[in-house]
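Biologist: I should like to learn how to read a model of this kind, feature by feature. May we begin with the structure itself?

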Amino acid sequence: MNILVTYATNSGSTYLVAKYISEKLQEHTHQVTLLNIMDANPEDLLKYDLVFLGSNSWDFEHKEGQPHHAFMQFLDGIKDVQLSDHKYVLFGCGDKSYQYFCGALTVIEEFVKAHAGQVIAEPLKINQYFFNDTDKIHSQIDSWLSEVEQKF
């Protein structure tokens with residue numbers, strides 16, 4: 001399967017999650033492209049069999065639980081693109097101490113669905129930083145990826 005893993009990151013945690021996801025998918029013989037959302041084009045969301053979208057959550061324009069500003073700019077730039085019949089999976093890093101834990105994923109999921117895309121699995125939500133407990137986070141990602149792979 002031809003897969004895109006695209007992400008936006010602030011501290012580097014979301015990038016590390018994206019990189020780990022990419023490596024695991026490649027181990028399962030998928031062709032994977034890892035791409036920062038700042039380098040993505042609208043066509044990138046349409047030319048792969050499956051697209052992983054990842055973002056950290058933060059305050060954007062005084063609203064808590066929003067995607068990274070680069071992700072918001074990307075979504076704004078593709079607001080006229082229809083994602084019909086394309087499959088998406090979401091992941092992100094957040095902080096459970098905030099009101100909207102991984103709220104960015106809700107914003108991205110609503111965007112994908114509003115543009116007729118299919119979100120095929122529950123989003124992966126990582127609490128805080130990737131570096132805090134990598135073994136635990138690797139295990140969480142592995143378990144989630146097993147569920148995702150069953151759906152495609």
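Biologist: Which residue in S2 is the bridge partner of Thr-6?

Modeller: Please bear in mind that this is a predicted model. The bridge partner of Thr-6 in S2 is Leu-35. That bridge belongs to a pairing of strand S1 (residues 2–8) with strand S2 (residues 31–36), which runs in the parallel sense over 6 bridges. On the same topic, Tyr-7 stands opposite Asn-36 in S2.

Biologist: Through which helix does the chain cross from S1 to S2?

Modeller: The chain passes through helix H1 (residues 13–27), and this β-α-β crossover is right-handed.

Biologist: How should one think about the side chains of a strand, and how many residues of S1 are buried?

Modeller: The general idea is that in a regular strand the side chains alternate between the two faces of the sheet. In this model S1 is mostly covered, with 6 of its 7 residues buried.

Biologist: How many aromatic pairs does a search of the whole structure find?

Modeller: The search finds 2 aromatic pairs. One of them joins Tyr-7 and Tyr-15, with 5.4 Å centre to centre and 55° between the planes, a tilted arrangement. Tyr-7 counts as buried because its relative accessibility is 8%, under the 20% limit. Tyr-15, with a relative accessible area of 29%, is partly exposed.

Biologist: Why is the pair of Phe-52 and Trp-144 edge-to-face?

Modeller: The angle between the planes decides the class, and over 60 degrees counts as edge-to-face. The planes of Phe-52 and Trp-144 stand at 80°, with the ring centres 5.9 Å apart, so the pair is edge-to-face. This pair links distant parts of the chain: Phe-52 belongs to strand S3 (residues 50–60) and Trp-144 to helix H4 (residues 134–151), 92 residues apart. Both Phe-52 and Trp-144 are buried.

Biologist: Over the ring of which residue does the charged end of Lys-96 sit?

Modeller: The charged end of Lys-96 sits over the ring of Phe-101, at 5.6 Å from the ring centre.

Biologist: Which residues of the largest nonpolar core touch the most other members?

Modeller: A core is read as a network of buried nonpolar residues joined through side-chain atoms. Of the 24 residues in the largest one here, Leu-45 and Leu-53 touch the most other members. At least two residues of this core come from each of S1, S3, helix H2 (69–77), strand S5 (87–94) and helix H3 (103–114). Beyond four places in sequence, the contacts of Leu-53 include Thr-6, Leu-45, Phe-71, Phe-91 and Val-112. Apart from the largest core lies another, of 23 residues, among them Tyr-7, Leu-25, Ile-141 and Trp-144.

Biologist: Is Leu-145 buried or exposed, and with which residues is Leu-145 in contact beyond its neighbours in sequence?

Modeller: Leu-145 is found in helix H4 and counts as buried, at 5% relative accessibility. Leaving aside neighbours within four places in sequence, Leu-145 is in contact with Ile-21, Lys-24, Leu-25 and Phe-52. By contrast with those contacts, the C-alpha atoms of Leu-145 and Gln-118 are separated by 17 Å, the two residues being 27 apart along the chain.

Biologist: Finally, in which strand does Asn-56 lie, and is Asn-56 buried or exposed?

Modeller: Asn-56 lies in strand S3. Asn-56 is buried, with a relative accessible area of 10%. Outside four places in sequence, Asn-56 has contacts including Ala-8, Thr-14, Gln-66, His-68 and Cys-93.

Terms used: Residues are numbered from 1 along each chain as its sequence is written. This is a predicted model: local features need pLDDT of at least 70, side-chain atom pairs count only at pLDDT 80 or more; totals for chains, interfaces and linings use all residues. Side-chain values use heavy atoms; hydrogens and water are left out. Rings of Phe, Tyr and Trp (its six-membered ring) pair if their centres lie within 6.5 Å; planes under 30 degrees apart count as stacked, over 60 as edge-to-face and the rest as tilted. Buried means under 20% relative accessible area, exposed over 50%, partly exposed in between (1.4 Å probe, protein chains only). Helices (H or I, at least four residues) and strands (E, at least two) are DSSP runs, numbered from the N terminus. A charge sits over a ring if NZ of Lys or CZ of Arg is within 6 Å of the ring centre and within 35 degrees of the ring normal. Two strands pair if DSSP finds at least two bridges between them. A crossover is right-handed if, with the strands pointing away from the viewer, the path from the first strand over the helix to the second runs clockwise. Contact means heavy atoms within 4.5 Å. A nonpolar core is a set of buried Ala, Val, Leu, Ile, Met, Phe, Trp, Tyr and Cys residues joined through side-chain atoms within 4.5 Å.
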